[in-house]
Amino acid sequence: MHLPEEVAAARAARVGIGEFAVGGPGDAFRVTLGSCVGLCLVWGKGSRFAVAHVLLPSSRHGVQAEPPLASRFADSAAQFLFEQLGEPERPRDVVAYVAGGSAQFAREHDAAPVGDLNVQNTRAALAAARIRIVQEDLGGAAPRQLVVDGAEKRILSIRYADEPECTTWEMPTLFGQPKAA
């Protein structure tokens with residue numbers, strides 16, 4: 001499955017650095033990533049998803065992770081997005097898709113590049129919240145774009161800056177299905 005970049009970009013609203021968005025079957029969002037992590041939680045049964053553009057690994061260094069700042073930090077974004085979805089009955093009803101965390105600006109003297117720390121802390125926060133990662137595209141050295149398309153195709157796509165093709169992931173089968181009365 002291929003989602004042309006110009007179609008996705010024209011239809012998808014931008015989620016900027018440190019920002020988040022919540023959507024449903026009629027929405028599409030895009031997140032352009034380097035060392036940041038794009039985190040998308042999908043609640044198939046509720047036909048909702050939440051996306052965060054995670055900037056920094058931790059909120060523990062002097063900045064409180066109060067809403068809406070919680071979406072900026074890898075250690076608080078997962079729980080914050082879960083709360084934004086509404087009222088899922090169980091964390092296992094929500095799944096995660098994660099992309100980004102590249103080492104674009106790694107220097108030899110860095111103990112751990114910020115991209116690696118973003119990835120580690122995002123994974124740890126998801127595990128602590130008992131939210132399962134179903135797809136991920138993490139690390140490397142190249143920037144990429146995550147497009148979450150809840151509108152037509154109900155997919156997520158990853159496109160690297162220097163590649164014409166993209167990788168696509170399907171949302172849970174319940175997403176966008178009519179609710180039983």
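In this predicted model, five strands make up an open sheet with mixed pairing, and their order across the sheet is β1-β3-β8-β9-β10. The strands at the edges are β1 (13-14) and β10 (166-170), each of which has a pairing partner on one side only. Within the sheet, β8 (residues 144-149) and β9 (residues 155-160) run antiparallel to each other and are joined over six bridges. Leu-146 can be used to find this pair, since Ile-158 in β9 stands opposite this residue.

Next comes helix α3, which covers residues 114-128, 15 residues in all. From its first C-alpha to its last it reaches 21 Å, close to the 21 Å expected at 1.5 Å a residue. Six names are worth locating here: Gly-115, Asn-118, Val-119, Thr-122, Ala-125 and Leu-126 are buried in α3. They lie on the same side of α3 because they cover an arc of only 135° around the axis. The general rule behind such a pattern is that an α-helix has 3.6 residues a turn, so residues three or four places apart point the same way.

What covers the buried residues of α3? The covering elements include the strands β4 (37-43), β5 (48-54), β6 (94-100) and β7 (132-138), and also helix α2 (77-84). The face turned away from the buried side of α3 carries Ala-127 and Ala-128, which are exposed. Just after the helix, Arg-130 has a positive phi of about 60°.

Confidence varies along the chain. The average pLDDT is 85, and 84% of the residues score at least 70. Over residues 1-6, however, pLDDT stays under 50. For residues 1-6 the model has 21 contacts beyond four places in sequence.

Key
Residues numbered from 1 in each chain as written. Predicted model: local features only at pLDDT ≥ 70, side-chain atom pairs only at ≥ 80, totals over all residues. Heavy atoms only, no water. Pairing = 2+ DSSP bridges. Helix = DSSP H or I, 4+ residues; strand = E, 2+ residues; numbered from the N terminus. pLDDT = per-residue confidence, 0-100. Contact = heavy atoms within 4.5 Å. Expected span 1.5 Å × (residues − 1). Buried < 20%, exposed > 50% of the residue type's maximum accessible area, 1.4 Å probe, protein only. Arc of directions from axis to C-beta.
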